Amino acid sequence: GTVSGTSISFGTAVVFESATSQAISATFDSNSNKVVIAYSDDGNSSYGTAIVGTVSGTSISFGTAVVFESGTMGVDGIAATFDSNSNKVVIAYKNGSNSSYGTAIVGTVSGTSISFGTAVVFVSASAAYISATFDSTSNKVVVAYAEGYSNGTAIVGTVSGTSISFGTAVVFES
């Protein structure tokens, strides 16, 4: 899409996954000038998958999709954000193969591909309605979620290398 004033116009749509895809979340990696799309690939056992896109003019082309979570119960609630301090992509998600625990993983974009570190659990309970953003003042990732479909909760994550560690969760709505 190209924004002009208060309007937007579009190029031609491009398929990035030739299968039903759900829980789609996109972020922009300003270090590599690439788009990263994370999604649940229903054509591949609902595995958590990410793909790197390159925008040129009014079109986008994609590299090869990479699985970041291959549990047999799939993933949901995916939220992607870009940490511009560490130049890493962070993907938070509900891991169906691990009791639906809230989980996060750090990705590194190189060219048209992305590689991942080891997944880290940020809440040992069912997580839903996951959202993630980057706080550029404190250089931290913030993940918000509903714990057990009830308490609205937020937690701060610190990226180091290809891993992320979390502080203590805070309930903002009980």
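Reader: Strand β8, residues 75-83: mostly covered or not covered?
Author: Mostly covered; seven of the nine residues in β8 are buried. Buried means under 20% relative accessible area, exposed over 50%, and partly exposed in between, with a 1.4 Å probe and protein chains only. Strands are DSSP runs of E with at least two residues, numbered from the N terminus.

Reader: What kind of model is this, and how are residues numbered?
Author: This is a predicted model, where local features need pLDDT of at least 70, side-chain atom pairs count only at pLDDT 80 or more, and totals for chains, interfaces and linings use all residues. Residues are numbered from 1 along each chain as its sequence is written, and side-chain values use heavy atoms, with hydrogens and water left out.

Reader: Back to β8. How many bridges join β8 to β9?
Author: Seven, and β8 and β9 (residues 88-95) run antiparallel. Two strands pair if DSSP finds at least two bridges between them.

Reader: Which residue is the bridge partner of T81?
Author: V90, in β9.

Reader: What about the turn? Which residue takes a positive phi in the hairpin of β8 and β9?
Author: N87, near 55°. Four residues lie between the two strands.

Reader: Which other residues have a positive phi although not a glycine?
Author: A23 is one, at about 50°. A23 sits in strand β3, residues 21-29, and is partly exposed at 23% relative accessibility. Y129 also has a positive phi of about 50°. Y129 belongs to strand β12 and is exposed, at 66% relative accessible area.

Reader: Why remark on that sign of phi?
Author: Because most residues other than glycine have a negative phi.

Reader: New topic. Which residues touch the most other members in the largest nonpolar core?
Author: F122, I130, V141, V143, Y145 and I164, out of 18 residues. A nonpolar core is a set of buried Ala, Val, Leu, Ile, Met, Phe, Trp, Tyr and Cys residues joined through side-chain atoms within 4.5 Å.

Reader: Which element gives the most to this core?
Author: β12, with seven residues.

Reader: What does I130 touch?
Author: Leaving out residues up to four places away in sequence, its contacts include G77, A79, A92 and F122. Contact means heavy atoms within 4.5 Å.

Reader: And S100: where is its place?
Author: In the loop between β9 and β10. Beyond neighbours within four places in sequence, S100 contacts K94, N95, A125, S126 and A127.

Reader: How far apart are the C-alpha atoms of S100 and T158?
Author: They are separated by 22 Å, with the two residues 58 apart along the chain.
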